[in-house]
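Please describe the structure shown below. The report should cover the metal site, the strands, the salt bridges and some individual residues.

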Amino acid sequence: MSYNRYPYELPPLPYSYGALEPYIDAETMYIHHDKLFAGYVERLNNVLKYYTMLQNWSLEDILSRPNALPRSSRVNILRNAGGVYNHTLFFEQLAPASEDNHLPTGRLIWDINQNFGSFEKFKELFSQSAANVFGSGYTFLVRTSNGKLKIENTENQTNPIEWGCSTIILLDVWEHAYFLEYKNLRTEYINNFWNIVSFKEY
Ligand code: MN3
């Protein structure tokens, strides 16, 4: 069993269900991680059991080579591999508000200032972008293949790795990510994301 190769297993949540309160409630975390994320892991294993060749591919291999996937199962594989990849990154990057890693440092803050003017301006643009996701999807901060930072929205479980980008942070704006606590108030959920998202060293 592995987190990045068939047969996939569900990565454990790196903190308790209630660790992100009051910004994300424990019940939402439990359902999101143990039920919805687990469902993507299970469905990905179910489809990959028919494709021996793909069992040796990493998630990155699968998502970055959509045209190499068997046509009859392509949508099913991409959807579930994307669901596993995106939720792995989403839960991994969140951290209790009391931790001190919620501001970008080093090369990343330098690049953010270069690309967006300031961290405050970047947060404003990212938040606006997340508020504008129509239907189910995500907002990403990515590094493009030529090294630039970019904010991108995607639909459903699409990850910009499909067009050569790497993910720095992402916000799940599917309703299941916030509806229990925030109801229709997506903007409050987005604003509170900045208290719990963490940034890695670059
Ligand atoms: Mn989700």
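The sections below treat these topics in turn, for a model that is predicted.

## Manganese site

Four residues coordinate the manganese ion: His 32, His 87 and His 176, each through NE2, and Asp 172 through OD. The coordination distances run from 2.0 to 2.2 Å. Along the sequence, the spacing of these donor residues reads H-x54-H-x84-D-x3-H. Because His 32 belongs to helix 1 and Asp 172 to strand 3 (residues 166-172), this pair ties together parts that are 140 residues apart in sequence. His 32 and Asp 172 are both buried.

Helix 1 also holds Thr 28. With a relative accessibility of 1%, Thr 28 counts as buried. Beyond its neighbours within four places in sequence, Thr 28 is in contact with His 176, Ala 177, Leu 180 and Glu 181. Of these contacts, His 176 is also a donor to the manganese ion.

## Strand 1 and its partners

Strand 1 (residues 137-143) is largely enclosed by the rest of the structure, because 7 of its 7 residues are buried. The cover extends to both faces: one side carries Gly 137, Thr 139, Leu 141 and Arg 143, the other Tyr 138, Phe 140 and Val 142, and all of them are buried.

Strand 1 pairs with two strands. With strand 2 (residues 149-155) it runs antiparallel, joined by 7 bridges. Among the bridge partners across this pair, Tyr 138 is matched with Thr 154, and Phe 140 with Glu 152. The hairpin of strand 1 and strand 2 has 5 residues between the strands, and there Gly 147 takes a positive phi near 90 degrees. The pairing of strand 1 with strand 3 is also antiparallel and spans 6 bridges. In that pairing, Val 142 has Thr 167 as its bridge partner. Strand 3 is the strand that contains the manganese donor Asp 172.

## Salt bridges

How many salt bridges are there? The count comes to 4. Asp 111 takes part in a salt bridge with Arg 107, where the closest N and O atoms are 3.4 Å apart. These two residues are 4 residues apart in helix 4 (residues 106-116), so about one helical turn separates them. Asp 111 is buried at a relative accessible area of 10%, whereas Arg 107 is partly exposed at 45%.

Asp 111 also meets Arg 143 in a salt bridge, with an N to O distance of 2.8 Å. Since Asp 111 lies in helix 4 and Arg 143 in strand 1, the pair ties together parts that are 32 residues apart in sequence. Both Asp 111 and Arg 143 are buried.

A further salt bridge joins Lys 123 to Glu 120, the closest N and O atoms being 3.5 Å apart. Both residues lie in helix 5 (residues 119-131), 3 residues and about one turn of the helix apart. Lys 123 counts as buried at 18% relative accessibility, while Glu 120 counts as exposed at 52%. Elsewhere, salt bridges with shared partners link Arg 107, Asp 111 and Arg 143 into one network.

## Surface residues

A nonpolar patch on the surface is formed by Tyr 17, Tyr 30, Ile 31 and Leu 180, which together have about 320 Å² of accessible area. Tyr 17 is placed in the segment before helix 1 (26-48). Its relative accessibility is 33%, so Tyr 17 counts as partly exposed.

Asn 191 is located in helix 7 (residues 186-196). At 43% relative accessibility, Asn 191 counts as partly exposed. Between Asn 191 and Thr 105 the C-alpha to C-alpha distance is 20 Å, and the two are 86 residues apart in sequence.

Definitions and conventions. Residues numbered from 1 in each chain as written. Predicted model: local features only at pLDDT ≥ 70, side-chain atom pairs only at ≥ 80, totals over all residues. Heavy atoms only, no water. Patch = residues over 30% accessible without salt bridge, like charges linked within 9 Å, V, L, I, M, F, W, Y side chains within 5 Å. Areas by Shrake-Rupley, 256 points an atom, 1.4 Å probe, with all protein chains shown as cover. Salt bridge = Lys/Arg side-chain N within 4 Å of Asp/Glu carboxyl O. Buried < 20%, exposed > 50% of the residue type's maximum accessible area, 1.4 Å probe, protein only. Donors = N, O, S within 2.8 Å, 3.2 Å for Na, K, Ca; no water. Pairing = 2+ DSSP bridges. Contact = heavy atoms within 4.5 Å.
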